[in-house]
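Visitor: I am new to this structure and would be grateful for a close look at a single part, the surroundings of the ligand. Please follow the connections from there as far as they lead.

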Amino acid sequence: MSNTTLQSLENWVKKVAQLTAPEQIVWCTGSESEKKELDDLLLSTGDYIKLNEETHPNCFLHLSDPQDVARVEHLTFICTEEKEDAGPNNHWMNPQKAHVKIDELFEGCMQGRTMYVIPYCMGPIDSPISRCGVEITDSAYVVQNMRLMTRMGTPALKRIESEGHFVKGLHSTGELDPDRRYIMHFPEELTIKSYGSGYGGNALLGKKCHALRIGSYQAKTEGWLAEHMLILGLENPQGETHYIAAAFPSACGKTNLAMLIPPEGYVKDGWKITTIGDDICWMRSGEDGRLWAINPEAGFFGVAPGTAQDTNPNALAMLYQDTIFTNVGLTDDNQPWWEGLDDRVPVQDWKGNPYNPENGPAAHPNSRFTVASKRCPSYSPKAEDAKGVPISAIVFGGRRESLVPLVTQARNWAHGVLMGATVASETTAAATGAVGVVRHDPMAMKPFCGYHFADYWSHWLSFDKKGANLPEVFTVNWFRKDEDGKFMWPGFGDNMRVLEWIVKRVAGRVDAQPSALGDMPKIEDFNLDGLDGFDNEDLTRLLAVNTAGWEDELNNTIEYLQSFGKRVPQELYEELKITQSKLE
Ligand code: SAT
Ligand code: MN
């Protein structure tokens, strides 16, 4: 009996089975009994540790190989026929060579193991913006994560069968040997091959591999945008909701911002934030000229350390049930624990050793939780809407301890694209390599854009056409520090103050003060009520433009843009010149 009516899918699964030689093949349906069976299996193999059933029902801890805890950008390749199409922003390999190289690793790698076939849909099953894929993996842990992060199983398979096409993703954890590890993308074949890692971004192929790298390529060819952005809804006391999409590099607080609870005064007045997504945003132009967005994911794969009652109560609330924790510590009564959670002392660290602060933190800095979106108290029913939500504002942010002001509004769309293209940010633990080094990270897509950045910027610029009613664009920076190295802005819930100004600008309710970099809040329009120890002078300092510093930054930016060669759209240089002349 065949498992699917789609011959191309049946054939591909057969071909993969011939290559990898699994002991058995399981087609995942997404059923509750399948979930239970795999939980039991993972417990029996030691891949899962059962957490305290009273405090954390149906929650599990997975400890990964200590050498496999983050994305590996140096082993991630975009394999296009023409090297130039991958661009200087990607590692490139010739597709034929890449297939040979990685297929050698896949050969016989599933002997004695089970091969799982996971049909999945990125986005609501009935949304025209959604796209489907099938991941083949030999990891039950990956199946359980995909179950939370995507709409997977029978409904996805039905959609794939009716559409007749899908993104192919092949994954094996292999030996988890960093020297036998590759994450390869073949955008022109809509194919992903990932070997040697079980970690999130490397192994849950629906996420960064499909929804961003392959997705950005699909988006360019089909005329939409696949972005590394959270989506939130901001409801004002009049009951109007504005949707904001915001791009930040990994581990810069996207999850916290997406689930923000406004300061007390705001809540009393009737302001409210709802969550559509915390990581990825797919947008396309609607008939009304606006950009309409969906969150292609169905769950959150968030950074655990720092998640606490005072930083993100919504996130904390969703983590007490039906959650997979990866690489966090454990308390003596088997509760998950990470730095910043509370002042209990854990007994076990993320390597499974007795906790000893001399050996470093209990939870790995990139330890994660995986949980269904529906468990989030602020999750918006609009996230399930096939139409998506209309985006009023796009926000670009990075982690910059100096120079970049709290908030700036772009002069126009092209200037906004320049703002996004020239974001730089300090690196974090989300990828292997040095932490805290400033690097350019355009639109927070440096590790995720599946093609030449210059073409990507041209694609962004192309949305400014007749009949378009585009979002306003802003740059923000929560991370500026003073001379003593202390953060100047309180961040977290108080970021609401910046969001309020943004939606008031969008609605035309406040004026702005012009600066060389773009429009900034007039001090009197910015709500500082109830913000202890922070006054107008502090705000003025946070909005200050350091002319000499910015001249350097812009020169550096020109050099950066030039490193992408002739394909860089002239419009970006023209916008940059305008900024330069305003600085003088
Ligand atoms: O590991 S993931 O790529 O899924 C998360 C992130 O780095 O943003
Ligand atoms: Mn991310």
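**Around ligand 1**

Guide: In the side chain of Ser-250, an N or O atom lies 2.8 Å from an oxygen atom of ligand 1. The model is predicted, and the values that follow are computed from it. Lys-208 also contributes through its side chain, where an N or O atom is 2.4 Å from an oxygen atom of ligand 1. With Gly-201 the contact involves the backbone instead: a polar backbone atom of Gly-201 is 3.2 Å from an oxygen atom of ligand 1. On its own, ligand 1 has 250 Å² of accessible area, and the protein covers 98% of it. The residues around ligand 1 are Arg-71, Tyr-199, Gly-201, Lys-207, Lys-208, Ser-250, Phe-301, Arg-368 and Ala-430.

Two of these names lead on to a sheet. Phe-301 falls within strand 18 (299-303), and Arg-368 falls within strand 22 (residues 368-372). Both strands belong to an open sheet of five strands, in the order 2-3-19-22-18 and with mixed pairing. At its edges are strand 2 (49-50) and strand 18, each of which pairs on one side only.

The walk across the sheet may begin at strand 18. Strand 18 is joined to strand 22 by five bridges in the antiparallel sense, and Gly-299 has Ala-372 of strand 22 opposite to it. Strand 22 is largely enclosed by the rest of the structure, because four of its five residues are buried. Strand 22 also runs antiparallel to strand 19 (residues 324-326), to which three bridges join it. There, Phe-325 stands opposite Phe-369 of strand 22.

At the other edge, strand 2 pairs with strand 3 (residues 60-62) over two bridges, again in the antiparallel sense. Opposite Phe-60 in strand 3 stands Lys-50. The side chains of these two residues also meet: the charged end of Lys-50 sits over the ring of Phe-60, 5.2 Å from the centre of that ring. Elsewhere, Lys-168 is placed in a similar way, with its charged end over the ring of Phe-166 at 5.5 Å from the ring centre.

Rings also meet one another in this model, and a search of the whole structure finds 22 aromatic pairs. One of them joins Phe-453 and Tyr-456: their ring centres are 5.6 Å apart and their planes stand at 45 degrees, so the pair is tilted. Phe-453 and Trp-457 make a stacked pair, with 5.4 Å from centre to centre and 10 degrees between the planes. Helix 13 (residues 453-461) accounts for the spacing of Phe-453 and Tyr-456 along the chain: they are three residues apart in this helix, and therefore separated by about one helical turn. Phe-453 and Trp-457 are four residues apart in helix 13, which likewise means a separation of about one helical turn. Phe-453 and Tyr-456 are buried, and Trp-457 is buried too.

These three residues belong to a wider group. Ring pairs link them with Phe-396, Trp-413, Tyr-451, Trp-460, Tyr-560 and Phe-564 into a cluster that includes Phe-453, Tyr-456 and Trp-457.

How values were computed
Residues numbered from 1 in each chain as written. Chains lettered and ligands numbered in written order. Predicted model: local features only at pLDDT ≥ 70, side-chain atom pairs only at ≥ 80, totals over all residues. Heavy atoms only, no water. Phe/Tyr/Trp six-rings, centres within 6.5 Å; stacked < 30°, edge-to-face > 60°. Buried < 20%, exposed > 50% of the residue type's maximum accessible area, 1.4 Å probe, protein only. Lys NZ or Arg CZ within 6 Å of the ring centre and 35° of its normal. Near = heavy atom within 4 Å. Polar contact = N/O pair within 3.5 Å; in protein donor to acceptor, adjacent residues only side chain to side chain. Areas by Shrake-Rupley, 256 points an atom, 1.4 Å probe, with all protein chains shown as cover. Pairing = 2+ DSSP bridges.
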